[in-house]
Amino acid sequence: DTLAIDPTKYAFDEEVIGDEGECTVYKLNSLEPTIPSLVMKIDKVLKKQNIDKLLERVKILRDEYETIKKWYQDVPDLIPEEFHFIGNNPRGGKPAIFTVQTFLGNTNEMQDVFRGMSKEELLKTLRHNAKLQAHFRMFVDITQSNADEKDEMIDTLGNKNLVLIKKEDDTRLVFLDPHHILHPKIDKGNAKKLQA
């Protein structure tokens, strides 16, 4: 009763649509044409932990999400709305952390900014879309500023974390996994990866 959605208005699709390092991703298909479908990410990190440990992790995930959302508040639609809850995993029935976001498209409609396109292709896309170019520049400026001034950086290394989503004649920049704040100056290993 306290969920942010009405679960009776969705059908759980048992097919995995994404298997990220820390979560398995499923789709909740909307049963009503006026309501968008959703993505449901089930956390794999704490598979066999008690509720107290799950609550600690949910708090960390929520704090990171709110921090990253605040950083990028001036970049329109970059950070998708999401909410978290603890429930029973539909595969196995053990308690797990769930993250729910609006379904923004199939993987064939998304291009990973760092892995799904060449530098030349990215530049061409940005040059032909002034709005997208402005949003991308804001994203880069904020990311660089946080890294330089606070030694805090988002995780851009994950598969399809930062994507371009093409819908009809519009292309949006979206950060699909707004969690994990890195510290490149402290963690030299990550700093070297990020520079590469």
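Two strands are taken to pair if DSSP finds at least two bridges between them. On this basis, the predicted model contains a hairpin of β8 and β9 with two residues between the strands. In this hairpin, E168 takes a positive phi near 50°. The strands β8 and β9 run antiparallel and are joined by six bridges, and within this pairing I165 stands opposite R172 in β9.

The hairpin belongs to an open sheet of three strands, ordered β6-β8-β9 and paired in the antiparallel sense. Strands β6 (110-112) and β9 occupy the edges, each with a single partner strand, so one side of each is left without a neighbour in the sheet. From one strand to the next, the twist averages 25°. The antiparallel pairing of β6 with β8 extends over three bridges, and V163 in β8 is the bridge partner of D112.

A second open sheet comprises five strands in the order β1-β2-β3-β5-β4, again with antiparallel pairing. Its edge strands, β1 (10-19) and β4 (82-88), each pair on one side only. The twist in this sheet averages 30° from one strand to the next. Strand β2 (residues 23-30) and strand β3 (residues 38-43) run antiparallel and are joined by six bridges; L28 has L38 in β3 as its bridge partner. Helix α1 lies across β3, β4 and β5 (95-102), and runs at about 170° to β4.

Within the five-stranded sheet, the environment of one polar residue can be described in detail. Q101 lies in strand β5. Its relative accessibility is 4%, and Q101 therefore counts as buried, the cut-off for this class being under 20%. A polar atom of the Q101 side chain lies 3.0 Å from the backbone oxygen of L176. Leaving aside residues up to four places away in sequence, Q101 touches L38, V39, K41, P80, E81, E82, L176 and P178. L176 thus appears both in the polar contact of the Q101 side chain and among the residues that Q101 touches, and L38 is likewise both a residue touched by Q101 and the bridge partner of L28.

Helix α3 (residues 130-150) has 21 residues and reaches 30 Å from its first C-alpha to its last, close to the 30 Å expected at 1.5 Å a residue. Its buried residues are L132, H135, F136, F139, I142, T143, N146 and A147. These residues cover an arc of only 130° around the axis, which puts them on the same side of α3. An α-helix has 3.6 residues a turn, so residues three or four places apart point the same way. On the other side of α3, the exposed residues are A130, R137, D141 and E149.

The buried residues of α3 pack against two helices, α1 (51-71) and α2 (119-127), and against the strands β7 (153-154), β8 (162-167) and β9 (170-175). With respect to the three-stranded sheet, α3 lies across β8 and β9 and runs at about 15° to β9. Both ends of the helix show local features. At the N-terminal end, N129 caps α3 through a side-chain oxygen that lies 3.3 Å from the backbone nitrogen of K131. Just after α3, D151 takes a positive phi of about 55°.

Helix α2 also has a buried and an exposed side. The buried residues of α2 are L122, T125 and L126. They cover an arc of only 95° around the axis, which puts them on the same side of α2. The face turned away from this buried side carries the exposed residues E120, K124 and R127. Among the elements that cover the buried residues of α2 are α3 and β8.

The loop between β6 and α2 contains S118. At 34% relative accessibility, S118 counts as partly exposed. The side chain of S118 reaches the backbone nitrogen of E121 at 3.1 Å.

Definitions and conventions: Residues are numbered from 1 along each chain as its sequence is written. This is a predicted model: local features need pLDDT of at least 70, side-chain atom pairs count only at pLDDT 80 or more; totals for chains, interfaces and linings use all residues. Side-chain values use heavy atoms; hydrogens and water are left out. Helices (H or I, at least four residues) and strands (E, at least two) are DSSP runs, numbered from the N terminus. The expected span of a helix is 1.5 Å times one less than its number of residues. Buried means under 20% relative accessible area, exposed over 50%, partly exposed in between (1.4 Å probe, protein chains only). The arc is that of the directions from the helix axis to the C-beta atoms. Contact means heavy atoms within 4.5 Å. A polar contact is a pair of N or O atoms within 3.5 Å; within protein, one must be able to donate a hydrogen and the other to accept it, and residues adjacent in sequence count only if both atoms are side-chain atoms. Axes are lines fitted to C-alpha atoms, for helices over the stretch in contact, and angles run from 0 to 180 degrees between N-to-C directions.
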